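I wanted to look up two things here: empty space inside the protein, and how some of the helices pack. My notes follow.

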Amino acid sequence: MDRIHITGGATLNGTIPISGAKNAALPLMIASLLTGETLELINVPRLADIAALTRILGNHGVDHMVVGKRPGQTAETGQTVRLTASNVIDTTAPYELVSTMRASFWVIAPLLARFGEAKVSLPGGCAIGTRPVDLLIMALEKLGAEIEIDGGYVVAKTKNGLRGAEIAFPKVTVGGTHVALMAAALAYGTTVIDNAAREPEVVDLAECLIKMGARIEGAGTSRIVVEGVARLSGARHEVLPDRIETGTYAMAVAMTGGDVTLVNTRTDLLASALDTLAATGTEITPVADGIRVRRNGGGIAPADVTTDPFPGFPTDLQAQFMALMTLAKGQSRIRETIFENRFMHVQELARLGARIRLDGDLAVIEGVERLKGAPVMATDLRASVSLVIGALAAEGETQINRVYHLDRGFEALEAKLGRCGAQIERVRA
Ligand code: EPZ
């Protein structure tokens, strides 16, 4: 298994291009199942999760083509991918494929809406909590699907198509909102989604569906109204920038010090996290096409954070912010309200010398003078990158094992950080 080797202590200076958002690209790719025409997606990141979903779509019979580079594009320019689901040969998503990535469960919505049937493996356990799919199933049942669980599979059917309905989510769910949107787009009549997720990735999916001919209003608010249409067409859509990658590199600079411009991204995608970073003493300046992040020698002020659905502080930046707080001048408190078991990085950060106490969903961090490099283990995607950030600021050498977690969600991590002065290399197994 590959490892990442980091010699800490260098400040970061330069420019980092931000990739297309993994969590937008995944539902967008799945939306290709809603039409027999070609969906062209621009700025798709090169990531293990994208490759995994490509295999799943391929198994259903979706044609996948990567368009070659055009003049003016660079290695950092995301891929342009054409997906054509004109010949879907199989509406089953098998366990072997779905178990590698939870989001693949979402194929259930377009398969059911377009073909009237789907058989999709339950996604199974996950390192960051139980993460059930009950609300996704509830949404499909409201739309008239008949659903049973058989041998670890969710088997969904509809006799005469899905029917518009009122779907009120008791809790904000990103996946639930994606599924409801895709299914309602091809249902007969009007669907109202209440307590919908307001995440930018939901807005991105809605905008792409609208280009495909869907009638959707209110995406980005907690009430979305969908007027179902009989068929959707192909479209061309650019994946929005990755707000979690943006926040991760901003936190890395806040911790190591230096001056980095993050390009191909937008401040409005992560205003809450940037405000919190500013409160810690990091200078955040919006620039054309991105964000300049600076910290010049001043100490890191502690700040308290509670994770919340958008526009709150994202759970996907909680681990990275905790890494930053390990070097703050004083005590900070981080409350995780989205997932019940998302503190696995705590033990590993402790190996670098961090002082963190856990009490249920609360982490209390006592800032220390310095961290010291050590061998550590990546446990999930965002936890892993918090170790990278900690290691960049630690004295001496850190070896991060199990880096396949990082490859699921951070495109060209070593190259992007290395070009800004980080001493980071991948040791191939
Ligand atoms: C998405 O997961 C993201 N994944 C996650 O990013 C992100 O952490 C999460 O949203 C929250 O922002 C993708 O977009 C691919 P949810 P999702 O449904 O949709 C509970 C990363 O690191 N819930 O919004 O699966 C659930 O257990 C990943 O990139 C139910 O109880 O999350 C959680 O407590 C990790 N029943 C809460 O809702 C359900 O049926 C929010 O989950 C569904 C969810």
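Which residues line the largest cavity? Before answering, I noted that this is a predicted model. I then pulled the lining: Ala 21, Lys 22, Asn 23, Glu 201, Asp 242, Ile 244 and Arg 382. Sorted by class, that lining has four charged residues, two nonpolar and one polar. I also looked up the volume, which is about 30 Å³ for the largest cavity. The count of cavities of 30 Å³ or more comes to one.

Next entry: H6 and its neighbours. I took H6 as residues 174–185 and started with H5, residues 134–142. The two axes come within 8 Å and cross at roughly 20 degrees. Under 35 degrees counts as roughly parallel, so that is what I wrote down for H5 and H6. The crossing of H5 and H6 is right-handed.

Who touches whom there? From H5 I listed Leu 136, Ala 139 and Leu 140, and they meet Gly 175, Gly 176, Val 179, Ala 180 and Ala 183 in H6. I tallied the contact of H5 with H6 as six nonpolar, two polar and no charged residues.

Then H4, residues 108–115, against H6. The angle is about 15 degrees and the axes sit 8 Å apart. H4 and H6 are therefore roughly parallel to each other too. I logged the crossing of H4 past H6 as right-handed. On the H4 side the contact uses Ala 109, Pro 110 and Ala 113, and on the H6 side Val 179, Met 182 and Ala 183. By class I got six nonpolar residues for H4 with H6, with no polar and no charged ones.

Last pair: H6 with H7, residues 200–211. I found their axes 10 Å apart, at an angle of about 10 degrees. H6 and H7 are therefore roughly parallel to each other. H6 brings Val 174, Thr 177, His 178, Leu 181 and Met 182 to this contact, while H7 brings Glu 201, Val 202, Leu 205, Ala 206 and Leu 209. My class count for H6 with H7 is seven nonpolar, two polar and one charged.

A few cross-references for myself. Glu 201 shows up in the lining of the largest cavity, and I also have Glu 201 in the H7 part of the contact with H6. Val 179 and Ala 183 of H6 are in my list for H5 and again in the one for H4. Met 182 of H6 meets H4 and is also listed in the contact with H7.

Key
Residues are numbered from 1 along each chain as its sequence is written. This is a predicted model: local features need pLDDT of at least 70, side-chain atom pairs count only at pLDDT 80 or more; totals for chains, interfaces and linings use all residues. Side-chain values use heavy atoms; hydrogens and water are left out. On a 1 Å grid over the protein atoms alone, a cavity is a set of points where a 1.4 Å probe fits but cannot get out, and a pocket is an open set with protein on both sides within 12 Å along at least five of seven lines; lining residues have an atom within 4 Å of a point. Grid points are joined across faces, edges and corners, and a volume is the space filled by probe spheres set on the points. Ala, Val, Leu, Ile, Met, Phe, Trp, Tyr, Cys and Pro count as nonpolar, Asp, Glu, Lys and Arg as charged, and the others, Gly among them, as polar. Axes are lines fitted to C-alpha atoms, for helices over the stretch in contact, and angles run from 0 to 180 degrees between N-to-C directions. Helices (H or I, at least four residues) and strands (E, at least two) are DSSP runs, numbered from the N terminus. Angles under 35 degrees count as roughly parallel, over 145 as roughly antiparallel, 65 to 115 as roughly perpendicular and the rest as oblique. A crossing is left-handed if the near helix is turned anticlockwise from the far one by less than a right angle, and right-handed if clockwise. Contact means heavy atoms within 4.5 Å.
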